[in-house]
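Here are my notes from going through this one. Have the model open while you read, and tell me where you'd look next.

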Amino acid sequence: MSIFRNKLILASSAIGTLIGGTVLLKDYMQGAKFQNKEVRAEGKVVIVTGANTGIGRETAHCLAHRGAHVYMACRDMKKCEEARQDIVVETRNPNVFCRECDLASMQSIRQFVKQFKSEQQRLDILINNAGVMRCPRSLTKEGIEMQLGVNHMGHFLLTNLLLDNLKLSAPSRVVVVSSLAHTRGQIALDDLNSSNSYDEARAYDQSKLANVLFTRELARRLEGTGVTVNALHPGIVDTDLMRHMGIFNSWFSSVFVKPFVWPFLKSPLYGAQTTLHVALEPSLEKVSGQYFSDCAPKDVAEQAKDDRVAKWLWAVSEKWTGTLTGTAAVS
């Protein structure tokens, strides 16, 4: 009996140590947190795309908590309204608004901008957060491969349509949520739309590289306007962005994979920290064209520094979205 009791104690101790170690590892992997608690956002008008869930919801919540007027630009109005009501109750900020904006439809984007401009002249912060990841091949309303269309082209159009508001509100900021995946990306100059062949991972990596190239080219074009634009990697975050990745959505995964991966995933709240840092940190008011991770500047991949490709992608994006830089009309 004594031997059995000792083994039970040892087993309990080992399990406790394992759980404790896992919790400590989880805490460590959450990464940096935006530390400037004194920064408020009263009077600032902010748009957050994809704000009804994940990183976007936490970003909208934190900005509302700091007093901002937050426009939640979302595709699903039911989910958006549910999230909006929760945010209003939790932050006691009534200035949180749901507006329909489907980034897979240029008509929807233009309608969103038209409505926004009828309500607001200012736009202090535009956060291009929404995205899709590794989805089966599908197309936007205009026939653009979905990941490129939503992650890059939709935000390209949205940003250009709002440039006059951003310039009017300078100093103002554009925040582009990209990914470390950009380091694996290549812009397919001969098959940008993945028409000849489609690989869900390559298409995602390409769209995230497009985010960084867009950021750097837009920063160059906005020099002297008081509008800054910076990109960021939020970390590997536990959100429904991974819903198309079978390894994370099967019975096998829930039992044998997720428990081992869980300690290495950030929560959505921590995934939003670098977004908040780039959007609010006073010392970044004049910083533009940079890339951040864990609330600190980081270097980008060599292919993200290719100005020739950036200019080519910009020209194609203008053509595909029907945009003229700085003069895009809302129709």
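Which helix gives the largest share of the lining of the second largest pocket? Keep in mind throughout that this is a predicted model.

1. That share comes from helix 2, with four residues. Two elements give two or more residues to this lining, namely helix 2 (54-65) and helix 10 (273-280). The pocket itself has a volume of about 300 Å³.

2. On the make-up of the same lining: there are 13 residues, and Lys33, Lys37, Cys62, His65 and Arg66 lie nearest the centre of the pocket. By residue class, the lining splits into five charged, four polar and four nonpolar.

3. Now the aromatic pairs, six of them by count. One is between phenylalanine 156 and tryptophan 314, an edge-to-face arrangement with 4.7 Å from centre to centre and 70° between the planes. This pair links distant parts of the chain: phenylalanine 156 belongs to helix 5 (residues 146-161) and tryptophan 314 to helix 11 (residues 307-321), and the two are 158 residues apart. Are these two residues buried or exposed? Phenylalanine 156 is buried, at a relative accessible area of 1%, and tryptophan 314 is buried too, at 2%.

4. Tryptophan 314 also pairs with phenylalanine 214, and here the ring centres are 5.7 Å apart with the planes at 20°, so the pair counts as stacked; the cut-off for stacking is under 30 degrees. Phenylalanine 214 sits in helix 7 (residues 200-221) and tryptophan 314 in helix 11, so this contact ties together parts that are 100 residues apart in sequence. Phenylalanine 214 is buried as well, with a relative accessible area of 3%.

5. Elsewhere among the aromatics, Tyr71, Phe97, Phe112 and Phe116 make up one cluster.

6. On to the sheet. It is open, has eight strands in the order 3-2-1-4-5-6-7-8, and its pairing is mixed. Why do strand 3 and strand 8 each have one side without a neighbour in the sheet? Strand 3 (96-100) and strand 8 (296-297) stand at the edges and each has a single partner strand, so one side of each stays free of a neighbour in the sheet.

7. Further in along that order, strand 5 (residues 172-177) and strand 6 (residues 227-233) run parallel and are joined by six bridges. If you want a spot to check the register, valine 177 stands opposite leucine 232 in strand 6.

Definitions and conventions: Residues numbered from 1 in each chain as written. Predicted model: local features only at pLDDT ≥ 70, side-chain atom pairs only at ≥ 80, totals over all residues. Heavy atoms only, no water. Phe/Tyr/Trp six-rings, centres within 6.5 Å; stacked < 30°, edge-to-face > 60°. Buried < 20%, exposed > 50% of the residue type's maximum accessible area, 1.4 Å probe, protein only. 1 Å grid on protein atoms, 1.4 Å probe; cavity = no way out; pocket = protein on both sides within 12 Å on 5 of 7 lines; lining within 4 Å. Points joined across faces, edges and corners; volume = space filled by probe spheres on them. Nonpolar A, V, L, I, M, F, W, Y, C, P; charged D, E, K, R; others polar. Pairing = 2+ DSSP bridges.
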